[in-house]
Amino acid sequence: MVGQAAHRLAVMAERTTNAPIDHTPEWAALRHHHERVAGRHLRDLLVEPGRLEVLTIDLPGIHADLSKHRATPETVQLLIALAERAGVRERIAATFGGEKVNTTEDRAALHVALRAPADAVIEVDCRNVVPDVHEVLDRMGSFSRRVRGGDWTGATGERIRAVVNIGIGGSDLGPAMATEALRSYADPACTYRFVSNVDGADLHWALRDLDPATTLFVVASKTFTTVETLTNARSARRWLVDALGEDAVSHHFVAVSTNAERVAEFGIDIANMFEFWDWVGGRYSVDSAIGLSLMLAIGPESFGELLEGFRLVDEHVLTTPLSRNLPVLMGLLGVWYVDFFGATSHAVLPYAQELARFPAYLQQLEMESNGKSVTLDGQRVGFATGPVVWGEPGTNGQHAFFQLLHQGTELVPADFIGTIHPNHPLEAHHDLLVANLLAQTEALAAGRTADEVRAEGVADELVAHKVFEGNRPSTTLLCDRLDPRTLGSLVAIYEHKVLTQAVVWGTNPFDQWGVELGKALATRIGPELVAGDDSTASAHDPSTAALIERYRAARH
């Protein structure tokens, strides 16, 4: 196993490039190009003939405007040359083909199989996994229809009125984000809540006004050993059993997992366990059984439309030339800002309240994937990789951090996401919202000069304070409306953007070893908080040891 993984590491590294990417002629060409064009202002770039035709792309239901980027057609061609040197097209094909591109764990990263049509053939270890995917989807659909139709009842015979998803990371962020985003499509007769934090307040407030007799829990954990998830699940189990007795567990708990033994030990009938596979990474899993809570909310038909949205982008990525390939271009522009302009963060600004959780979802997708400092072959990278991803819905963000975006010293590229048609009847509100979106992208790009400020009659001593440099880049994704298909497409765009950047940087976007050390230390510190011994001080640095002692003294 280790030998196979090592071999694949070497093969993938060789496929990517024979030299570190920043030592290639393509990287050098971009560096020289940056020296020539970095000083050009978007005010001038935006009026160049033909720019919109080159830098706008239409997908079904989504119009993407990349024209407000500090890039010229030559920039795009040089970035594509870098992508070709790195092997972006080959790595995309390898991912879709079921190769074990997650080399450090010797696994495929085959989330694209989760939305493949039933007649597709995608093999992992010589086995077509598509029938397995659709068997689980069918079981999810049947179960969802029973719950939504009232045929599945709780232990007292009452229908389910609340669904509580218990997970963490990818087992929470995806379904929580999507359920919020698609609340216009959710069954209004049911309440949907998501518990992830091991902080007891999260579970306490989620259950505070629910009736155990009408509550269904979905426990999502691949191994059914995740400490935070199992801690919350056991407390939820105790809440239910205290009210309805031990026999009620099988009526009120289902699992999304691969560990049937642990699921059965918990008291969940394994007939009510929905499977997914080790080639599904948590942050890429919302369209797997991890999305069961989402399917319960919006129904199997709408979930199918979500999968269709994913598929549309998958086909686009596979078949479209890199020069018109939206996720690839978004990824390459990200590399352009991180490695040539020195940008350290990237803002995601949805002008849609329903997408309030989308920035948090992308934080995990992008930062857990591309927050890496070594290449596929274990060498330290010599350049910057994943930026900090953050954001908040507009217009709230305008009254919080847009000051920094407009007049701060940091360059923060931003993605603005909006819709033409709202999912509510308040049309005047929506017009105002979209006006703000468009105004912000224009203001960030064009700014306001000192002469323009003086022309408004501003006193000389205030002119400098009211100048906007502009030249702040942004992408606008203008969607027809926020529906299941569009949401699936948005998520897939960012998934493939992440892969593009990882290929250029030569890193593995499918592992997450960085989350392990803190979890291991927490397992050791937990018992010390309750009953320490003389070895506690020597087992930790002085600061940590003192904090443990202070907590223990105050609590016990």
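Tryptophan 277 and tryptophan 279: are they buried or exposed? Select the two and see: both tryptophan 277 and tryptophan 279 are buried, where buried means under 20% relative accessible area, exposed over 50% and partly exposed in between, with a 1.4 Å probe and protein chains only.

Before moving on, a word on what is on your screen. This is a predicted model, in which local features need pLDDT of at least 70, side-chain atom pairs count only at pLDDT 80 or more, and totals for chains, interfaces and linings use all residues. Residues are numbered from 1 along each chain as its sequence is written, and side-chain values use heavy atoms, with hydrogens and water left out.

**Stop 1: aromatic rings**

The structure holds 19 aromatic pairs. Rings of Phe, Tyr and Trp (its six-membered ring) pair if their centres lie within 6.5 Å; planes under 30 degrees apart count as stacked, over 60 as edge-to-face and the rest as tilted. Show phenylalanine 217 and phenylalanine 253: their ring centres are 4.7 Å apart and their planes are at 15°, so this pair is stacked. Phenylalanine 217 belongs to strand S7 (residues 215-220) and phenylalanine 253 to strand S8 (residues 253-256), so the pair ties together parts that are 36 residues apart in sequence. Strands (E, at least two residues) and helices (H or I, at least four) are DSSP runs, numbered from the N terminus. Both phenylalanine 217 and phenylalanine 253 are buried.

Now go back to the opening residues. Tryptophan 277 and tryptophan 279 also form a stacked aromatic pair, 5.0 Å centre to centre with 5° between the planes. For a group of rings, select Trp27, Trp336, Tyr337, Phe340, Phe341 and Phe383, which form one aromatic cluster.

**Stop 2: the nonpolar core**

Trp279 and Trp336 lead on to the next view. With Phe358, they touch the most other members of the largest nonpolar core, which has 122 residues. Such a core is a set of buried Ala, Val, Leu, Ile, Met, Phe, Trp, Tyr and Cys residues joined through side-chain atoms within 4.5 Å. Colour helix H15 (residues 326-341) to see the largest share of this core, twelve residues. Then centre on phenylalanine 358: leaving aside neighbours within four places in sequence, it is in contact (heavy atoms within 4.5 Å) with Met177, Val348, Ile417, Leu490, Val491 and Tyr494. Apart from the largest core lies another, of 24 residues, among them Ile166, Val195, Leu203 and Ala236.

**Stop 3: pockets and a cavity**

Turn on a surface for this part. On a 1 Å grid over the protein atoms alone, a cavity is a set of points where a 1.4 Å probe fits but cannot get out, and a pocket is an open set with protein on both sides within 12 Å along at least five of seven lines; lining residues have an atom within 4 Å of a point. Grid points are joined across faces, edges and corners, and a volume is the space filled by probe spheres set on the points.

The largest pocket holds about 1000 Å³ of space. Of its 39 lining residues, Thr226, Gly282, Gln512, Glu516 and Lys519 lie nearest its centre. Helix H8 (170-181), helix H10 (227-244), helix H16 (358-370) and helix H22 (516-530) are the elements that give two or more residues to this lining.

Which residues should you pick for the second largest pocket, as the closest to its centre? Choose Ala352, Gln353, His424, His430 and Leu433, out of 21 that line it. This pocket has a volume of about 360 Å³, and H18 gives the most to its lining, with six residues.

The largest cavity has about 70 Å³ of space. Residues lining this cavity include Val147, Arg148, Arg159, Asp187, Tyr192 and Leu296.

**Stop 4: three buried residues**

Stay with helix H18 and select threonine 441, which is buried, with a relative accessible area of 1%. Beyond neighbours within four places in sequence, threonine 441 is in contact with Lys68, Phe416, Ser474 and Thr476.

Lys68 also appears among the residues that arginine 472 touches, together with Leu404, Glu410 and Leu444, not counting residues up to four places away in sequence. Arginine 472 sits in the loop between helix H20 (460-466) and strand S13 (474-481) and is buried at 7% relative accessible area.

Finish at serine 302 in helix H14 (residues 300-319). Serine 302 counts as buried at 12% relative accessibility, and its contacts, leaving aside neighbours within four places in sequence, are Tyr185 and Pro484.
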